[in-house]
Amino acid sequence: MAVLLGAIADDSTGATDLANTLVKEGMRAVQTIGVPAQDIDLDDANAVVVALKSRTAPVKDAVDASRAALAWLRGLEPRQFFFKYCSTFDSTPAGNIGPVADALLTDLDADFTFLCPAFPDNGRVVRDGLLYVNGELLENSPMKDHPLTPMRDSRVVELMRVQTDRKVGLIKQATVSDGPAAIAAEVDALRRDGVAYGVIDTKSNADLRAIGAAAADHALVTGGSGVAMGLPRNFRDAGLLGDPTPATLPNVTGRAAVLAGSCSQATRRQIAVARKDWPHRKIDVHRIAAGDPVAADILDWAASQDESTPVLVYGSADPDEVAAIQAQYGVTEAGEMVEKVIGEVAAGLTAQGVRRIVVAGGETAGAVVSALGVEALRIGPEIDTGVPWTETLGTETLEGTPIALALKSGNFGGEDFFAKALEMHP
Ligand code: ADP
């Protein structure tokens, strides 16, 4: 099967979110962890998403990594490319959305692309060029205090203008509401004016689908995961993609484990619920700092548990405890200590025969994927909004045995998420 869409995402959970959106629209999606070092089996995917860690990287690194991803994706000869960033347009005046989009347009020899951050299902809409988050202007939302990308302006045109030398324009809601033909006519007019970036008002999924239809012949589409919802239809209408078939669960059976590093409220609640039913161990950061064999102890304990029950291992603690630990060891150091142990536990558990792993926390998920040497993931069915089951591909480093992974960013999922995931894939 031919690859139809090649995508580059500026972070890992964003890549999964995009791949999940495409799967829900009936595509077969694979997410790679960076550009694969060698040829990998893409499992007949027709959408391939390269997950980068470029959102807050130095501009040059982000541009280089994105261009390398584009070059690799071009080898798969997709019909269209996608650049995925956050629906809150997370960036600084230096980038990286502008510089990366500029480089992609140049390399693709293209002169126009949409900028469509909107994700109405998550409360992100663009009205008169202003980005709103759950009814609040972006500049008044919690994103104003983000430690790395504080968003203090809600005008998407202005946010982009300082990041690029190319012209930025706005396509208004009245045009979007008139449908794909009206949007396409407006794009032609903007192009004639030399505009390269069309910020586009979006209030609903119907708008996203209309924008997707209008982008059918664009080499590059950029945005949050929302606008990707409208793209599979174009391939289907062109006879390139069959009718949607439901995504299948990972073809994996074996023991289960839940590994949590997120300290978010949602994850702490999920842990409290799961502790009632499953054997559990909390990671003691002071013991790690003292040089004790924390991972080995946990693995010894896990080996003696009943194989039919999932084991729960977590570092997660409430804000007071986390603050005290961070004050003692440093924020980054404390985070890395826990991530390292969780990575070692993940690797050790798979050696014990664990084959289904649910991970809570974005950074934590990155640590697990890297400890397991995962190169790529086939995206399966959705467990809870935005979180699919996935199956590892390219498993030489896992001794040829695929692992089923559910990677949940901290705040996602209902309070029974862990049980729900494992009941869905027993
Ligand atoms: P989220 O998706 O909620 O942001 P992440 O995994 O990205 O979750 O980030 C949580 C961070 O907190 C990780 O770096 C993790 O190692 C760290 N962490 C986990 N438990 C503790 C703890 N008890 N004290 C300090 N840091 C911790």
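**View 1. Asp 44 sits partly exposed in a loop of this predicted model.** The relative accessible area of Asp 44 is 45%, which falls in the partly exposed class because buried means under 20%, exposed means over 50%, and partly exposed is what lies in between (1.4 Å probe, protein chains only). You will find Asp 44 in the loop between S2 and strand S3 (47-51); strands are DSSP runs of E with at least two residues, helices are runs of H or I with at least four residues, and both are numbered from the N terminus. The phi of Asp 44 is near 60°, a positive value in a residue other than glycine. A word on reading these views: residues are numbered from 1 along each chain as its sequence is written, and side-chain values use heavy atoms, with hydrogens and water left out. As this is a predicted model, local features need pLDDT of at least 70 and side-chain atom pairs count only at pLDDT 80 or more, while totals for chains, interfaces and linings use all residues.

**View 2. Asn 134 is an exposed loop residue.** Its loop runs between strand S7 (130-133) and strand S8 (136-137). Asn 134 has a relative accessible area of 59%. Its phi is near 50°, again a positive value in a residue other than glycine.

**View 3. Gly 95 and Asn 96 are joined by a cis peptide bond.** The omega angle is about 15°. To find the spot, look for Asn 96 in the loop between strand S4 (80-84) and helix H3 (97-108).

**View 4. Val 30 is a buried residue of strand S2.** How much relative accessible area does Val 30 have? The value is 1%. Leaving out residues up to four places away in sequence, Val 30 touches Leu 42, Ala 45, Ala 47, Val 48 and Val 49, and also Ala 376, Leu 377, Arg 378 and Leu 393; contact means heavy atoms within 4.5 Å. For a sense of scale, Val 30 and Gly 330 are 300 residues apart in sequence and 36 Å apart in space, C-alpha to C-alpha.

**View 5. Helix H14 (residues 362-371) has buried residues that pack against five listed elements.** Thr 364, Ala 365, Ala 367, Val 368 and Val 369 are the buried residues here. An α-helix has 3.6 residues a turn, so residues three or four places apart point the same way. Which elements do the buried residues of H14 pack against? The partners are strand S2 (29-33), strand S12 (255-260), helix H13 (331-351), strand S15 (354-360) and strand S18 (404-408). Just after H14, Gly 373 takes a positive phi of about 70°.

**View 6. Domain 1 (5-237) and domain 2 (255-424) meet through residue contacts.** The bounds come from an automatic or database domain assignment. In this meeting, 16 residues of domain 1 are in contact with 16 residues of domain 2. The C-alpha centres of the two domains lie 30 Å apart.

**View 7. The whole protein chain, for orientation, has 15 helices and 18 strands.** Buried residues make up 56% of its 426 residues. The C-alpha atoms fill a box of roughly 70 × 45 × 35 Å, taken along the principal axes. Residues 24 or more positions apart account for 74% of the contacts with a separation of 6 or more.
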